Amino acid sequence: MAHILIVEARFYDHLNDMLLAGARRAIESAGHTHETLTVPGALEVPGAIALAAATHDYDAYVAIGVVIRGETYHFEIVAGESARAIMALTLDGLAIGNGILTTENEEQAIRRADPEQLDKGGGAAEAALAMLKLRQRFDA
Ligand SMILES: Nc1c(NC[C@H](O)[C@H](O)[C@H](O)CO)[nH]c(=O)[nH]c1=O
Ligand SMILES: CC(=O)[C@@H](O)COP(=O)(O)O
């Protein structure tokens, strides 16, 4: 049994609730346990994962959040930099599933967050578990 940390950027409550439900369902149905850590926005997620990793309390991580395009270049910064930093942590050997949605509008986000539609939260949890298996296989 693995212990998974879900790190959620709580920027849009209703969308996050759906992503979290999907992630928790996937982890529980695979027989694992989880905790959730909440940070303000997607830019804080990689730093929170790095801090949590230093404790060695968790086997894998699921990043959850929603970035919706606004009027300015800020979207590119938040979407791109959060993904870049999460990717850097995976290259350091952490097992992470990235469920941070980056969408043009709320309608796209709902379809992807809803566990009964595209279930991207569940997908991110499954990716984290797959990476954990790889870590174990390579004894990392
Ligand atoms: N616009 C969105 C943000 N922006 C906030 C940043 O992530 C960050 O919290 C702030 O710049 C302080 O460091 N975050 C999201 O998760 N989603 C957005 O759409
Ligand atoms: C992530 C974003 O693009 C958004 O929340 C920021 O909006 P804006 O560019 O209108 O300030």
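## Overall fold

The chain contains five helices and four strands, where helices (H or I, at least four residues) and strands (E, at least two) are DSSP runs numbered from the N terminus. Along the sequence these elements follow the pattern β-α-β-α-β-α-β-α-α. The radius of gyration, which is taken over C-alpha atoms, is 14 Å for the chain, close to the 14 Å that the globule rule gives for 140 residues, so the chain is as compact as a globular protein of that length; the rule itself is 2.2 Å times the number of residues to the power 0.38.

This is a predicted model, in which local features need pLDDT of at least 70 and side-chain atom pairs count only at pLDDT 80 or more, while totals for chains, interfaces and linings use all residues. Residues are numbered from 1 along each chain as its sequence is written, and chains are lettered from A and ligands numbered from 1 in the order in which they are written.

## Burial and a residue of helix α3

Of the 140 residues of the chain, 39% count as buried, a class that requires 20 or more other C-beta atoms within 10 Å of the residue's own, whereas exposed residues have 12 or fewer and partly exposed ones lie in between, with C-beta atoms placed from the backbone.

Leu89, which lies in helix α3 (residues 74–91), counts as buried because it has 20 C-beta neighbours inside 10 Å. Leaving aside residues up to four places away in sequence, Leu89 touches Pro46, Ile49, Ala50, Leu94 and Ile96, a contact being a pair whose C-beta atoms, placed from the backbone, lie within 7 Å. Ala50 is 39 residues from Leu89 along the chain, yet their C-alpha atoms are separated by 7.4 Å.

## Surroundings of ligand 1

The residues around ligand 1, meaning those with a C-beta atom, placed from the backbone, within 6 Å of it, include Ala9, Phe11, Glu44 and Val78. Strand β3 (residues 60–68) gives the most to this shell, with four residues. The shell divides into nine nonpolar residues, two polar and one charged, where Ala, Val, Leu, Ile, Met, Phe, Trp, Tyr, Cys and Pro count as nonpolar, Asp, Glu, Lys and Arg as charged, and the others, Gly among them, as polar.

## Two loop residues with positive phi

Most residues other than glycine have a negative phi. His56, in the loop between α2 (45–53) and β3, has a positive phi of about 60 degrees although it is not a glycine, and His56 counts as exposed because it has 7 C-beta neighbours inside 10 Å.

Asp119, in the loop between α4 (106–113) and α5 (120–137), likewise is not a glycine and has a positive phi of about 50 degrees, but Asp119 counts as buried, with 22 C-beta neighbours inside 10 Å.

Technical notes:
Contact = placed C-beta atoms within 7 Å.
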